[in-house]
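Biologist: I would like a close look at one part of this model, the metal sites. Please describe how they are built and then place them in their surroundings.

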Amino acid sequence: MQLIHRKIPREFLEVLPEGMKFIHRHEEEFLVVEELSCPKGHSLMVDTVRIHDEPSISIAVRRAGGRGLIFIDAYWGSHAKLYNFMADPSHPLEYADAHCPHCDVSLVVERECGLMECDSRRSLVFHLPGNENTIAVCARLGCPDHRIVVGGAPQRVQEEVNRINFFGYGIDDDAFGGI
Ligand SMILES: [Zn+2]
Ligand SMILES: [Zn+2]
């Protein structure tokens, strides 16, 4: 599998929301989430669990055997995750019933997944600073559907950003080596 790199639309950079940054790494350009919060304003960023050398985004999930934390890569489109629990094959975790790790408020909303091949009707919604701008991701683990809503960004540009997904990142991938 290969890294599929997509250019970041220039028009999006002009309205780049607070809480996201644009970086160059290994001569490629990426969007990276810097700050996300639950609806009550608690930061979900975890500086001590870093993925690709950036703080990760943490969510708490209910699972057989209790509560667990999932740490999500802040690189837009990467979808790499770390877990603080072991997978239980007899209770596979298909959906992330996600909550804020601080106040336990649910992050789940009813929303149909934007991808044809996924029948999920649940998403997780995260707030960028200022509370007007949001990121929604499909709650089905492994589904790459993600949507950004940024005031002032034309719909067409947001769609372009939504289509940025990197598949096949991993050990044979130079840009993302070293996790
Ligand atoms: Zn919270
Ligand atoms: Zn989905």
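Modeller: What follows goes through the metal sites one by one and then turns to the core, the charged pairs and one glycine. The model is predicted.

Ligand 1 is a zinc ion, and its donors are the SG atoms of Cys 38, Cys 100 and Cys 103 together with ND1 of His 42, at 2.1 to 2.4 Å. The angles subtended by these four donor atoms run from 98 to 122°, and the arrangement is therefore tetrahedral. Along the chain, the donor residues of this zinc ion (ligand 1) follow the pattern C-x3-H-x57-C-x2-C. Cys 38 has 0% relative accessibility and counts as buried. Cys 100 is likewise buried, at 0%. Cys 103 has a relative accessible area of 27%, which makes this donor partly exposed.

Ligand 2 is also a zinc ion, and its protein donors are the SG atoms of Cys 113, Cys 118, Cys 138 and Cys 143, lying 2.3 to 2.4 Å from the metal. The site of ligand 2 is tetrahedral, with angles of 103 to 116° among the four donor atoms. In sequence the spacing of the ligand 2 donors is C-x4-C-x19-C-x4-C. Two of these cysteines sit in loops: Cys 118 in the one between β8 (108-110) and β9, and Cys 143 in the one between β10 and β11 (146-149), so the pair ties together parts that are 25 residues apart in sequence. Cys 118 is buried, with a relative accessible area of 8%. Cys 143 is buried as well, at 7% relative accessibility. As for cysteine pairing, the structure holds zero disulfides.

The surroundings begin with the nonpolar packing. The largest nonpolar core has 41 residues, and those touching the most other members are Ile 57, Ile 59, Phe 126, Ile 135 and Ile 148. Two or more residues each come to this core from β1, β2 (28-33), β4, β5 (66-72), β9 (122-127), β10 (134-138) and α2 (155-162). Of these, β2 gives the most, with four residues. Ile 135 shows how this packing looks from one residue: leaving out residues up to four places away in sequence, Ile 135 touches Val 33, Leu 36, Trp 76, Leu 124, Val 125, Phe 126, Leu 128, Arg 147 and Ile 148. There is also a second, separate core of five residues, among them Val 46, Ala 60, Leu 69 and Phe 71.

Arg 147, one of the residues that Ile 135 touches, leads to the charged pairs. Side chains of opposite charge can pair when their charged atoms come close. Arg 147 and Asp 145 meet through their side chains in a salt bridge, at 2.9 Å from N to O. Shared partners among salt bridges join Arg 111, Asp 145, Arg 147 and Glu 159 into one network. Within that network, Asp 145 is buried, with a relative accessible area of 2%.

The whole structure holds 10 salt bridges. One of them is between the side chains of Lys 21 and Glu 54, at 3.2 Å from N to O. This pair links distant parts of the chain, with Lys 21 in strand β1 (residues 20-25) and Glu 54 in strand β4 (residues 54-63), 33 residues apart. Lys 21 is partly exposed at 22% relative accessibility, while Glu 54 counts as buried at 13%. Another salt bridge joins Asp 53 to Arg 50, with the closest N and O atoms 3.7 Å apart. Here Asp 53 counts as exposed, at 56% relative accessibility, and Arg 50 as partly exposed, at 40%.

The last stop is strand β5, which contains Gly 68. Gly 68 has 1% relative accessibility and counts as buried. Neighbours within four places in sequence aside, the contacts of Gly 68 are Ile 59, Ala 60, Val 61, Arg 63, Asn 84 and Phe 85. Ile 59 is among the residues with the most contacts in the largest core, and Ala 60 belongs to the second, separate core. Gly 68 and Met 86 are 18 residues apart in sequence, and their C-alpha atoms are 9.2 Å apart in space.

Notes: Residues are numbered from 1 along each chain as its sequence is written. Chains are lettered from A and ligands numbered from 1 in the order in which they are written. This is a predicted model: local features need pLDDT of at least 70, side-chain atom pairs count only at pLDDT 80 or more; totals for chains, interfaces and linings use all residues. Side-chain values use heavy atoms; hydrogens and water are left out. Donors are N, O and S atoms within 2.8 Å of the metal (3.2 Å for Na, K and Ca); water is not among the atoms, so sites may look incomplete. Four donors count as tetrahedral if all angles lie between 85 and 135 degrees; four count as square planar and six as octahedral if opposite donors are over 155 degrees apart and all others between 65 and 115; anything else is irregular. Buried means under 20% relative accessible area, exposed over 50%, partly exposed in between (1.4 Å probe, protein chains only). A disulfide is a pair of cysteine sulfur atoms within 2.5 Å. A salt bridge is a side-chain nitrogen of Lys or Arg within 4 Å of a carboxyl oxygen of Asp or Glu. A nonpolar core is a set of buried Ala, Val, Leu, Ile, Met, Phe, Trp, Tyr and Cys residues joined through side-chain atoms within 4.5 Å. Contact means heavy atoms within 4.5 Å.
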